[in-house]
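Hi there,

Here is the structure I promised to pass on to you. Please open it beside this email, so that you can look up each residue as you read.

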Amino acid sequence: MEEEEEMSGGDLSEADETSDDTEKSATYIHRDPDKRNMKKTVLVYGLPGPQATSVCDALLGNPQFHIRGILQRDNAEAIANLQEKGVETVVLKVGDKGPISVTKLKNIFTDAYGMFIVSNDAEPYHVMRREIEIGCRLAEMCERTLVKHVVYSNVDYIYRVTGQRCSRYDGKGEIEYYLRSLNVPLTTLRLPLSFSYLISTFTPVKESNDTVFYGTVDSELKFDGMNYGDVGQVVKLIFERPNIFIGKTIGLTAERISVDEYVKTLSSLRSTTVGEWRYEKLPMKEYQKDKRNNREFATILDFHTSYAPIRDPETTRALYPNVQTFSDYVKSNSTIINKIFKV
């Protein structure tokens with residue numbers, strides 16, 4: 001099958017405005033049929049993760065859409081928040097093993113016009129094999145129920161490019177290949193490194209008075225990054241203009257920053273001028289000796305600095321002008337970052 005066309009900022013100039021019911025069940029929490037009259041129902045899978053939440057928030061801004069949010073487990077706080085906003089909520093308890101009943105999924109897909117799919121990294125029990133199984137079952141339901149527009153949020157398939165295994169990325173790549181094989185009306189997003197993932201994973205250690213970030217790549221190398229909470233506005237535009245975006249693959253990024261720039265930006269949060277914030281490159285074998293270091297993150301950062309396609313931030317800004325830079329993200333999340341880094 002041919003690779004879908006990569007989206008560029010110039011395309012926007014042509015925009016036309018115009019099993020057993022007692023286990024692993026799909027439990028509906030809220031549905032108001034009257035409010036769905038004449039609206040297009042969009043399924044949003046991946047709640048309560050930041051991407052899916054941002055998609056719900058953005059789509060709620062367009063009265064032509066009715067949003068049906070799908071959660072993978074009971075989460076009373078998240079469900080209450082979504083319902084308060086006007087999102088119909090459903091809990092699909094797929095668990096970490098066992099069959100995923102097509103019968104139980106049919107009700108969820110009733111009257112679905114479109115679907116947004118993102119694998120939810122907040123579900124730690126979903127090993128890659130299960131992630132692929134769930135994603136492929138959702139893809140099959142999109143085909144069987146003739147969903148008119150699927151937006152799939154993906155990252156790059158590291159193993160296909162470098163031969164290095166990366167479960168955080170590779171399962172998502174397999175799901176995209178399956179979606180393509182089914183020939184569903186598809187728009188694919190290719191996301192860069194997540195700012196929140198960087199902050200929670202690429203953390204410093206104290207060495208005497210210094211704050212040191214350890215890694216395996218050269219400090220001057222750059223990578224693309226983005227706040228995944230900005231994805232929602234892009235997805236809203238995609239669903240609003242299916243004639244432009246179906247069949248496209250869109251590479252997103254807020255900006256390209258180097259490892260040195262990452263450390264320098266974060267150093268602005270420090271509460272004392274004593275000591276230095278710095279980065280040190282280590283050989284992979286030495287890096288792996290310290291159990292605090294994350295081998296998978298080293299693989300991901302190496303990919304994004306050396307192998308990933310270079311994407312144009314202007315394309316993303318054409319889709320959503322207010323996308324956050326890393327500096328903006330750090331300023332708006334300084335309290336959380338300070339807690340993580342203990343600075």
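**Salt bridges**

Glu176, Arg180 and Arg190 are joined to one another in a network of salt bridges. Please keep in mind from the start that this is a predicted model. As background, side chains that carry opposite charges can pair when their charged atoms come close.

Let's stay with two members of that network. The side chains of glutamate 176 and arginine 190 form a salt bridge, with 2.6 Å from N to O. Glutamate 176 sits in helix H6 and arginine 190 in strand E8 (residues 186–190), so this pair links distant parts of the chain, 14 residues apart. Are these two partners buried or exposed? Glutamate 176 has a relative accessible area of 3%, so it is buried. Arginine 190 counts as buried too, because its relative accessibility is 14%, and the cut-off for buried is under 20%.

How many salt bridges does the structure hold? The count is 14, and here are two others to find on your screen.

Glutamate 174 pairs with arginine 160, and their closest N and O atoms are 3.9 Å apart. Glutamate 174 belongs to helix H6 (residues 167–181) and arginine 160 to helix H5 (residues 158–162), so the salt bridge ties together parts that are 14 residues apart in sequence. Glutamate 174 is partly exposed, with a relative accessible area of 27%, and arginine 160 is partly exposed at 49%.

Aspartate 57 and lysine 85 also meet through their side chains in a salt bridge, at 2.8 Å from N to O. Distant parts of the chain are linked here: aspartate 57 is in helix H1 (residues 50–59) and lysine 85 in helix H2 (residues 76–85), 28 residues apart. Aspartate 57 counts as partly exposed at 37% relative accessibility, and lysine 85 is partly exposed with a relative accessible area of 40%.

**The nonpolar cores**

Next, have a look at the inside. The largest nonpolar core has 74 residues, and Val44, Leu189, Tyr262 and Leu266 are the ones that touch the most other members. Which helix gives the most to this core? Helix H8 (residues 231–240) does, with six residues.

Leucine 266 is a good place to zoom in. Leaving aside neighbours within four places in sequence, leucine 266 is in contact with Ile199, Phe213, Trp277, Phe326, Val330, Ile337 and Phe341. Apart from this core lies another one, of 26 residues, which include Leu92, Ala112, Ala139 and Cys142.

**Threonine 305**

Threonine is a polar residue to visit next, and you will find threonine 305 in helix H12 (residues 295–306). Threonine 305 counts as buried because its relative accessibility is 11%. What does its side chain meet there? A polar atom of the threonine 305 side chain lies 2.8 Å from the backbone oxygen of leucine 301. Not counting residues up to four places away in sequence, threonine 305 touches Val217, Leu221, Lys222 and Phe223.

**Cysteines**

Finally, a word on sulfur. A disulfide is a covalent bond between the sulfur atoms of two cysteines. How many disulfides does the structure hold? The number is zero. Two cysteines you can look up are cysteine 56, which counts as buried at 0% relative accessibility, and cysteine 166, which is buried with a relative accessible area of 1%.

Enjoy exploring, and write back with any questions.

Best wishes

Note on methods. Residues numbered from 1 in each chain as written. Predicted model: local features only at pLDDT ≥ 70, side-chain atom pairs only at ≥ 80, totals over all residues. Heavy atoms only, no water. Core = buried A, V, L, I, M, F, W, Y, C linked by side-chain atoms within 4.5 Å. Buried < 20%, exposed > 50% of the residue type's maximum accessible area, 1.4 Å probe, protein only. Helix = DSSP H or I, 4+ residues; strand = E, 2+ residues; numbered from the N terminus. Contact = heavy atoms within 4.5 Å. Polar contact = N/O pair within 3.5 Å; in protein donor to acceptor, adjacent residues only side chain to side chain. Disulfide = S-S within 2.5 Å. Salt bridge = Lys/Arg side-chain N within 4 Å of Asp/Glu carboxyl O.
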